[in-house]
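Got your viewer open? Load the model below, and let's take a walk through it, one selection at a time.

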Amino acid sequence: MQKILFVCLGNICRSPSAEAVFAAKAATAGKSVMVDSAGTGDWHVGEPPYPPMQDAARARGYDMSDLRARQIKVDDFKGFDLIVAMDGNNLRDVERLRPKAGKPGSDTPVTMMMQYAPQTGEKSVPDPYYTRDFDETLDLIEAASDGLLAALDA
Ligand code: 4NP
């Protein structure tokens, strides 16, 4: 079973959405995966996803109300097969935690979410905490989740 960790800055908008959307799509596809999400920052640890993000997700059938924010930790490199970052800053911050060569988890791949949806022309998932465009976030995450599911089967 593949274990996938989605990472953004606050873990209250993009990465919990990616966790919920990808989990739903994997379940529909009959694919057994373990998913989680985390933030590179610690400001929102313990909080549920941002209410406007939850509302937009719920309108599409994704319930995120049980999720709680946490911060990524070095051991996540050991515990997951793949870490997926929402933007370039997230990727850089995650890479700073990578265990040294030879340590457990040192080879865990870290990828960018939007590389799984090249048809969108987007490199990153823009942060809706600032853009306020929660539907754009979900559009991009749904497209990338389809691509990631296909990539796991390839
Ligand atoms: P996220 O959005 O990284 O998609 O969860 C953010 C939410 C909150 C903050 C930054 C990004 N913040 O600085 O409080």
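Start with the ligand and Tyr-130: a ligand oxygen sits 3.3 Å from an N or O atom in the side chain of Tyr-130. Keep in mind that you're looking at a predicted model. Now add His-44, where an N or O atom of the side chain is 2.6 Å from an oxygen of the ligand. Then switch on the backbone of Leu-9, which has a polar atom 3.0 Å from a ligand oxygen. On its own the ligand has 350 Å² of accessible area, and the protein covers 92% of that.

Next, select the whole shell. Besides those three, the residues around the ligand include Cys-8, Gly-10, Asn-11, Ile-12, Cys-13, Arg-14, Asp-127 and Tyr-129. Colour the shell by class and you'll get six nonpolar, three polar and two charged residues.

Hop over to helix α2, residues 51-58, and pick out Met-53, Gln-54, Ala-56 and Ala-57, which are buried. Look down the axis of α2: the buried residues stay within an arc of 165°, so they line one face of the helix. What do the buried residues of α2 pack against? Show α1 (14-28), α5 (128-131) and α6 (134-153), and you have the partners.

Last stop: Pro-126, in the loop between β4 (110-112) and α5. Is Pro-126 buried or partly exposed? Its relative accessibility is 24%, and buried means under 20%, so Pro-126 counts as partly exposed. Leaving out neighbours within four places in sequence, select its contacts: Arg-14, Thr-131, Glu-136, Thr-137 and Leu-140. Finally, draw a distance from Pro-126 to Pro-109: they are 17 residues apart along the chain, with 22 Å between their C-alpha atoms.

Definitions and conventions: Residues are numbered from 1 along each chain as its sequence is written. This is a predicted model: local features need pLDDT of at least 70, side-chain atom pairs count only at pLDDT 80 or more; totals for chains, interfaces and linings use all residues. Side-chain values use heavy atoms; hydrogens and water are left out. A residue is near a molecule or strand if one of its heavy atoms lies within 4 Å of it. A polar contact is a pair of N or O atoms within 3.5 Å; within protein, one must be able to donate a hydrogen and the other to accept it, and residues adjacent in sequence count only if both atoms are side-chain atoms. Accessible areas come from the Shrake-Rupley method with a 1.4 Å probe; for residues, only the protein chains shown count as cover. Ala, Val, Leu, Ile, Met, Phe, Trp, Tyr, Cys and Pro count as nonpolar, Asp, Glu, Lys and Arg as charged, and the others, Gly among them, as polar. Buried means under 20% relative accessible area, exposed over 50%, partly exposed in between (1.4 Å probe, protein chains only). Helices (H or I, at least four residues) and strands (E, at least two) are DSSP runs, numbered from the N terminus. The arc is that of the directions from the helix axis to the C-beta atoms. Contact means heavy atoms within 4.5 Å.
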